Structures are given as structure tokens and as C-alpha cells.
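Biologist: Hi! Could you walk me through this one? I'm new to reading structures.

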Amino acid sequence: MRVSLFITCLIDQLWPSIGTSAVEVLRRAGCEVVFDERQTCCGQPAFNTGYRREARGFAQRFIEIFEEAKPDVIVSPSGSCTAMVHHFHQLFPDDETWRRRAEALAAQTYELSALLVNVLGVEDVGASFSGRVAWHDACHGLRDLGVHSEPRRLIRKVRGVEFVELHNADSCCGFGGTFSVKYPEISVAILDDKIDAIQKAGVRAIVSGDASCLMQIEGRLTRTHSAVRVMHLAELLASHEPIPQTYQGA
Amino acid sequence: MDHLTPETFKQNARDALNDPQLRSALRNLTKTFGDRRQAVLASVDNWEDLRERARSIKDETLAHLDKYLEAFADNAERAGARIHWAHDAAEACRIVIRLLQECSATNIVKSKSMATEEIHLNAALEEIGLAPVETDLGEWIIQLAHETPSHIVVPAIHKSKKQIAELFGEKLGIEPSDDVAVLTGAARRVLRQRFAESHAGISGVNFGVAETGTILILENEGNIRLTTSLPRVHIALMGIEKIVPRFADLDVFLKLLPRSGTGQQLTAYQSLITGVKRSPGDEGPDEVHIILMDNGRSRMLAHPVTRQSLACIRCGACLNACPVYQQIGGHAYGSVYPGPIGAVITPQLMGLSRAEQLPYASSLCGACREVCPVKIDIPELLLHLRAEVVEGTASATAAPDGPMKRKPSERLAFRFYAFVWSNPRRYERGLKIARLLQRFGVRKGRIDNARGFISRLVPPLGAWTAGRDARPLAPRSFREQWRDNPGGRP
Amino acid sequence: MLAAREILADQRQNMESRQAMLSAIRRQLAASAPLDVVRSQHQAHFTGTSHTDRVAAIEQPPTISLVEHFRVSLEAVSGHCVAVRDEVEAATAVLQIIGQRERIAVSNSPLVQRVMRSVEHHAELIEAATPLALFDCDAGITGAQWAIAETGTLALESEEERHRLISLVPPMHIAIIEAGRIRQTMGEVLRLISENGGDALSRTVTFITGPSRTSDIELTLAIGVHGPAELHVIVIVGENS
């Protein structure tokens, strides 16, 4: 299967290891991965803050670029960016042609774990990682895309992993895009409930499918000198060995 | 509580976060209601179907609201009720005042009604010496405390037992007690006297049935039954969106509302009142008045996204599920309707320019949409309102009130982002420059090299680092690594 | 009291407001029409997935009788229920429930009348009590027109019996019903009470599910606020059950 990778600007610039891990995992699952370098951003920050004209520009560029290669599917290691693609049609209330193109593209665009489990039928990607981990359901992936069982199935197949369910796994981490800087105290208050649960669960790592959630969680874990590390699902699935000690927390 | 307005949301929220008693009360609310709701959902096997049916009933009603409203009015009048039409809050208050004066009522009892809070009815009546007594326990507590409700269903949830005991001691001369039964007993004794002597009762309405002209009101305490049966005159205030087409439609809503609102299969009492009693000797009021109120609701009909706001059945489930509400409570929203539904209807009822902070006070997590019994897509509504804030025009949906605050630096930032990101080479070049400047953009050059994180950023991103570390830009982006190894071959 | 002139002015104002409000609604709906088309087009093509409440339904016991189901449901909400064979046994049950209480209001239900006549008691029975008199009563005894098994609910139709205040004001409410009046669901009872059209519907229908309650203080349950603190239902099942 030929998959076109939608890397997301956040992962591209702030967390490239998620991208390289995702490529690795997709190859192991038997895909040919292509990456169109013309891509930049899906425009989610603009759409979420109310800047629809700017968001429309991003959407049109995105649609044009990704239509061209005619891949079998488009895959992204981000629930929120995948969800944004699924919302593109809302940006064209007056233009039926663009709306149809947006809908067609959305139908082909998958979040990583959904692609692996639901389309490729793959749950075991040959990963190994020793330690207790918990999963955080990123809101867009969970509620916009219905991703819930897929990451859990993938994680349970990782050799050496002890999976525990957080009592508030499906609660928001408090990121919410510009919300995290417009209302930082509320954002951190919400985050602390998540951090509290993570600490109580006694995990080595907290795993999620969205880099934005991971940034939010990681930012507080490091600020509070926690030894818990954050990992993207792709990084976990790409790993072959126990957790490297790159993290010098207290 | 005059200082609490939507405009001061940010400060209100900050105050709330620093109030440990409030936060403890909210934690209790969230956990208790969350558990109860989960437990009670198990008593239906078709929850999703019910939500779907409820939503389609509401959609059908709203699409023909004029027709159903007329049918309701005509049928209620045929059964002897008097129907009054109130275009706005002022008109609604005027009608209530006139009706109370017509019947020379001085002792007025009132049951909980968010619509009456919305129009500040009590304040209007107090001004002319006709203050009603609130009879719902939670509403009575906040009336005594001169506060506003902080939750649609449990208005006094922000108050602890101790605070309530002290309040009762101060206002009623009662020995403070830790026992909820004692406090409740005190309320019963005092209010029973008022019921016995009441001339007029004011209530809200949960649903109005077009087919029969029936109004349905739900409760647990019994004060609504007393308010609507004992006094000679009953005045009911109803938002125009409360209509459902058929009597049989009530079944769906009776399954959804108590479960969503309080985790009960059914509340203790439902009163279905059609018109007025048939003969003077029968029990019940001599006069039943129903005030149909618009007050900004019809404007919401003008767009399919905003129209769903009118499907709300005021259950409060979205408040209980909302991570923001859970942290800051209801008062921070500065209006009668707090939480997720408040964040979308307050700007529409009061004017977007007065409440433009509210649509942004959400992480868009979607928990509200998930629990809403009528499937209102609140995140979609929030995004719609945010777009209206940015566009800065008074659209059909925003109240014609005034211009939005101009945010030139934010606008410029997004134009800049759109410009740089719209071309891959510009994007890469821009981020390479940012990588270089990273050290200097960080206040006092703080990259904690031992851990690799940034602990202080310049504004506006400084808001991030107040509570969290930040990841620095990676030394090599994904696309640079891809170029070295296209296809990701090992 | 308002002069006739003022009353007419009010009526005119009301008609104007009615017209204005209905026009506003029509105007706003018309403005929305083109956008509605776009939205329904999208919904026809594309249904989103969503994380839904994953709850398993409780298995209903297959052979539970309506009476037993009603009893279980009512007791789950702090009501009391006893099944008896006939009116004499019902009367005995009533006496047991009212204990030493002295002033008992009774409704004009023929069933209640018969039950209370069938046994000796010391209490003072008050018929056709005025609202004020009810405030001094210790209990009220009524019938009910229907009952709902799945929720433990009583349905009181105001035009079948005079029980609106007797079932509400005294601190204890006793309801005597025949087993044949119990139905499984609310939906059924809503249908039954409205089946002869809106004009035949009783002007007040009251559904009662257990005693009065509140959780307004710290979400702690308190039973008995404004309505009765105790609800007792006596179900007459008849000889053949």
C-alpha cells in the first residue's frame, strides 16, 4: 500500500523523531511511504482561532498537494491534524466543488493507529519496550475520529510493556491550541489532574497519539522534575529496546 | 455579584482557581454526577437512539417554530390559559408585573427558572416591592446570600454545608448544624408558611406541547407542585424554544433529561398542566398565564450552526463534563448560563462584543458534545463564534450591539503565519532563522541544557512557560532527515 | 384592577407582539434556508464517527411481574410498597402505616372510601379538606389512575379524582391502587392519558416517583423537602394472584 505521509508542522519542527518512527512503523507494516515536501500545515491554528480566510488558504493548498500524488491513503501521526482535514469541508460553505474535493480527501485521510489496525489489520509491529506505560486519549482523535481501541490494541502487542489504564485517560490534557496561552492558568489546572493520575499510576512513560498533548504533558512533567517520560505512539511502536536513559529528571 | 460579567471572565477564572473550597466543591460535583450518570445510562439499552430521536424532534420543531408555537398558543388558550408574547426581557418583566398588579398579589412564591434569572425578574419585582420568595432549596439559599446561581441544576453547589449553616443562622436565626436533614427541615418550615399564604406563583417550563397546549415541569422537591397548585394565579415563563410537537414526544425527553441532569431515571415529580381548571370548584389556580419569550432566541434560527443552541433542554450535563467548568465553576462565566452551553448562548443572547472571551475559554475537547442528550455540537458552535469574533461584524446571529475589540497584533501574527507557511521554502527558511534566534528569543538565554528544555519564553508565548517547560525547535527537522534518507530505508 | 380601556390596550399590544415574534421567526428561518441545504448535503455524504457512551444495558429479569417490578422500582427511590389481596387487607395495611397519626385527609376516590369504611380506626378522617386544613393533616390517602412499573411511578389525573393537594401537602402520602392499573412504561401511560385527544386530557396530570427529595446541599441526598417525606403505595392484587 502506498501511503502519503502528512507529517504536520509541529512534528516536523519540534518532534521529528515521531515522524521517523512513524515511517519506520509503516514500513514494517508493509507500506511504501511517500512524503511530498511541498506540504507545510493543515491550518488548524488559524481555523481554531477563528481565522477562516487564512485557514481556507491552507486547506486549498493541502488538498491540491495531496490530491496530486493519488496515494492509496494519507496518514498522519496526529489525531487533531487528521481531524482538521476532516473539517476542511466547513471552510467552503459557498463552493460545492471545493467542498466535494475536501470530503473526498478526508475520506482517504487516516490517523496512524486507525490506519494500522482498521485498514491494514496490523496490531503487532514487532516492537519491544520494557516498562509500565499508560495511554492518554487525545481529544480530537477520540471524539472526532473515534480512535479508542486501536492504540490500546497496538500497545498491548508491544513485547515487555505493562499497560495500565489511567482513571481519566479520556479527559482533556488542557492544551486546546491557543487556549493553552490565552488561558494558561486554566490550562495548567486541567493538566494537573492528568499529571496527578500519571504520577499515581506509577508509569515509566505516558503515551499519546498527538504531539500537542505530549508537549503539554511533558512541559509540566519536566517543570515538576518528574521522572516520567512522554512518548508518541509511533515512537513506542518503533522501539526495539528498553527505555534509554536520556532523561535526567530528579 | 455585579462585578461578574462575561467581560471580566479571565479575572473571574483566576479568582476561582485560587478558591480551594470552590475547587473542592467542583471536584465533588464532577465525580458524583459523572458516576451517577454512568450508572443510570445502564438502565436504557438504546441511549444513542434516544439522543438521535430527541435531536430530530428538536430540529423538526425549530425548522417550523412559528407553526408549532402558534399551535401551542391556540391549544393552550382553548383550554383556558392566557398566552402572552414577550419580545424581550423588558417586555416579559412588564407582563409579569402587570399580571401581579391585576391580581393584587403581594405574597409571591417562585420556583426555579433559568429564564426568569435571564431577565433579572426578581430584581425588577424587588424594585416595586413585589419580591417573590424562591422556593427551590438551592435558589432560596442563593437568594438569601444575594448571589447568582453557579450551576443550571444545582444552583448553590459552590457553597459548603458550613457556609449554608452560617447563612441560615445569620438570616433565619437558626442554630447552625452540620446535618443536611436539619438544614433542609428548616427550609421546609419557613417556606411552607409562604406557600400557605401565597397569592401568585411564578414558574418556568421545561417543555411545551404544541399538540395539546400542555406545559411540563420537572422537579424533585415538590415546590413546583405547590407553586402551581396553591396560589390563585400561576404565571409560567417559557422560552420559545421549549416547544415539542406532540404529547408522545415527551416520552423521549423524560428518558433523557433526568438521566443527563441528575443521574436519575425520573425526577420525583412531573406536572403536566393543560390550560386552567374546568370548573371553579376544582383544585388549582383560577388563572394560568404562559409568557412566551424570545429575548434573542429567534436570531439563533438564522444559521444551521447556531440554531442547534435552541435544542438545549437545560440539563447541565455539559457543565458536569467540561474540564474548564470543573476548574473554575459557574460564576466565572458572568452570566446566568455557565459552562459549555453558556459559552455559546451568552454571546448570542447578550451580544458577542460583550462576551467575546467566552467562545475562547474552551480547549475544544468535545466532552460536552459527547454527553449532550440532544447532540448539540458545542465545539462547532464555539468555532463558529470565534470566526465571528475575528470577522468583527455583527452578523445575523450576533446581537447588534457594538464592534468587537480589535486585536491587530493577533491578526498580524496570523497573516504572517499564513504568508510564511504558504510556501515550503519560505517555511523552512523561516524556521531555520527561528532556530538560530531561539537562544535570544528566550528570556535571559535560558535553555536548560542539562535537560534540553526552555523554561522561559518571551510574551505572548511566555504564558506557556509560566507553568510549563517548552520544547526547543529540533536541530534537524523531519524533512531534512527525510532528504538524507528518503523512504526511510534503514 | 385595570380599566377596560387598559385591558383592550394590553390585548392589542399582545397581538402585535405575537405577530412581530412570529414574523421574526419566519424571517430568520428564511435567512437560514440556503445554509440548511449545504449542511444536509454534507450530512448525507459524510457521517462522522464519534466516541460514544459505551454502556451495557442491565439485563431485565425475564419473568418479573408488573407488581413486583413496580415494587422494586419504587423501593429503589425510597418509596414503600406492599401488595395485598383485597380491600380489607388494604385497610389493615393503611392502619399499620398511619400508626398513631390522627388527622388523615382522604380523597373522593370510591376505592379509598370503601377501604377506609371496611375497618375500625381511631384516626379522624377529613374529606374534601380545604388547602389550609391540609397543612394540619398528618397524612393524605388517595388513589392513582395509573402506575408505571419500570420507574415506580404513580400517575394522578386531576379530573378523575380530587387528589392534587392531598397527595402533596401532608407529610405522608398513601396511595391505594389496583394491580390492573399498572403498566410497564411511561410511554404507555402517556398514550393512555392522551388517547382521547387534547380536550379530554385532565387539566393537571401529576407523576409521582417516590418521596420528595433534594441534593442541593453538597449533593447530599435529603428526603422530604416540600412534598411528602414518605410515600406508601398499597397494591390490591386480587384473589387470583
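Modeller: Happy to; we'll look at one helix, some salt bridges, and then the place where two chains meet. Keep in mind that this is a predicted model.

Biologist: Great. Where is Ser113(A)?

Modeller: Ser113(A) sits in helix α7 of chain A, which covers residues 112-119.

Biologist: And is Ser113(A) buried or exposed?

Modeller: Buried: its relative accessibility is 0%, and anything under 20% gets that label.

Biologist: Which residues is Ser113(A) in contact with, leaving aside neighbours within four places in sequence?

Modeller: Its contacts are Asn118(A), Val147(A), Glu150(A), Pro151(A), Leu154(A) and Leu233(A).

Biologist: What about the rest of that helix? How many residues of α7(A) are buried?

Modeller: Six of its eight residues are buried, so α7(A) is largely enclosed by the rest of the structure. Besides Ser113(A), the buried ones are Leu112(A), Ala114(A), Leu115(A), Leu116(A) and Val117(A).

Biologist: What covers the buried residues of α7(A)?

Modeller: The cover includes strands β1 (2-5), β3 (73-76) and β4 (109-111), along with helices α2 (16-28), α9 (149-156) and α13 (233-238), which belong to chain A. Just after the helix, Gly121(A) has a positive phi of about 65°.

Biologist: Okay, new topic. How many salt bridges does the structure hold?

Modeller: Over all chains there are 64. The general idea is that side chains of opposite charge can pair when their charged atoms come close.

Biologist: Can you show me one within a helix?

Modeller: Sure. Asp59(B) and Arg55(B) form a salt bridge, with 3.0 Å from N to O. These two are four residues apart in helix α3 (residues 47-63) of chain B, so about one helical turn separates them.

Biologist: Why does that spacing matter?

Modeller: An α-helix has 3.6 residues a turn, so residues three or four places apart point the same way.

Biologist: Is Arg55(B) buried or exposed?

Modeller: Arg55(B) counts as buried, at 12% relative accessibility. Its partner Asp59(B) is partly exposed, at 35%.

Biologist: Got another pair like that?

Modeller: Yes, Glu166(B) and Lys162(B) form a salt bridge at 3.2 Å, N to O. They are also four residues apart, in helix α9 (residues 161-172) of chain B, so about one helical turn lies between them. Here Lys162(B) is exposed, with a relative accessible area of 57%, and Glu166(B) is partly exposed at 45%.

Biologist: What about a salt bridge that joins two chains?

Modeller: Try Arg18(C) and Glu70(B), whose closest N and O atoms are 3.4 Å apart. Arg18(C) lies in helix α1 (residues 4-45) of chain C and Glu70(B) in helix α4 (residues 65-78) of chain B, so the pair joins two chains. Arg18(C) is buried at 9%, whereas Glu70(B) is partly exposed at 25%.

Biologist: Let's stay with those two chains. How many residues of chain B are in contact with chain C?

Modeller: 105 residues of chain B are in contact with 77 residues of chain C. About 7600 Å² is buried between the two chains, and carbon and sulfur atoms give 56% of that area.

Biologist: Which residues in chain B lose the most area to chain C?

Modeller: Trp85(B), Arg278(B) and Glu283(B), which together account for 11% of what that side buries.

Biologist: And how many salt bridges are there across the interface?

Modeller: There are nine between chain B and chain C. Arg307(B) and Asp36(C) form a salt bridge at 3.0 Å, N to O. Between these chains there are also 43 residue pairs in polar contact. On the side of chain B that touches chain C, the residues divide into 47 nonpolar, 28 polar and 30 charged.

Biologist: Last topic: strands. Which strand of chain C is joined to β9 of chain B?

Modeller: That's β9 (residues 204-208) of chain C, joined to β9 (residues 269-274) of chain B by five bridges; the two run antiparallel. Along that pairing, Ser271(B) stands opposite Thr206(C).

Biologist: What order do the strands of the open sheet have?

Modeller: The eight strands go β8(B)-β5(B)-β6(B)-β9(B)-β9(C)-β6(C)-β5(C)-β8(C), with mixed pairing. The edge strands are β8 (243-244) of chain B and β8 (182-183) of chain C, each pairing on one side only.

Biologist: Could you give me one pairing inside chain C?

Modeller: Strands β5 (residues 146-148) and β6 (residues 153-157) of chain C pair in the antiparallel sense over three bridges. There, Trp146(C) stands opposite Ala155(C).

Definitions and conventions:
Residues are numbered from 1 along each chain as its sequence is written. Chains are lettered from A and ligands numbered from 1 in the order in which they are written. This is a predicted model: local features need pLDDT of at least 70, side-chain atom pairs count only at pLDDT 80 or more; totals for chains, interfaces and linings use all residues. Side-chain values use heavy atoms; hydrogens and water are left out. Buried means under 20% relative accessible area, exposed over 50%, partly exposed in between (1.4 Å probe, protein chains only). Contact means heavy atoms within 4.5 Å. A salt bridge is a side-chain nitrogen of Lys or Arg within 4 Å of a carboxyl oxygen of Asp or Glu. Buried area is the accessible area (1.4 Å probe) that two parts lose on being put together, summed over both. A polar contact is a pair of N or O atoms within 3.5 Å; within protein, one must be able to donate a hydrogen and the other to accept it, and residues adjacent in sequence count only if both atoms are side-chain atoms. Ala, Val, Leu, Ile, Met, Phe, Trp, Tyr, Cys and Pro count as nonpolar, Asp, Glu, Lys and Arg as charged, and the others, Gly among them, as polar. Two strands pair if DSSP finds at least two bridges between them.
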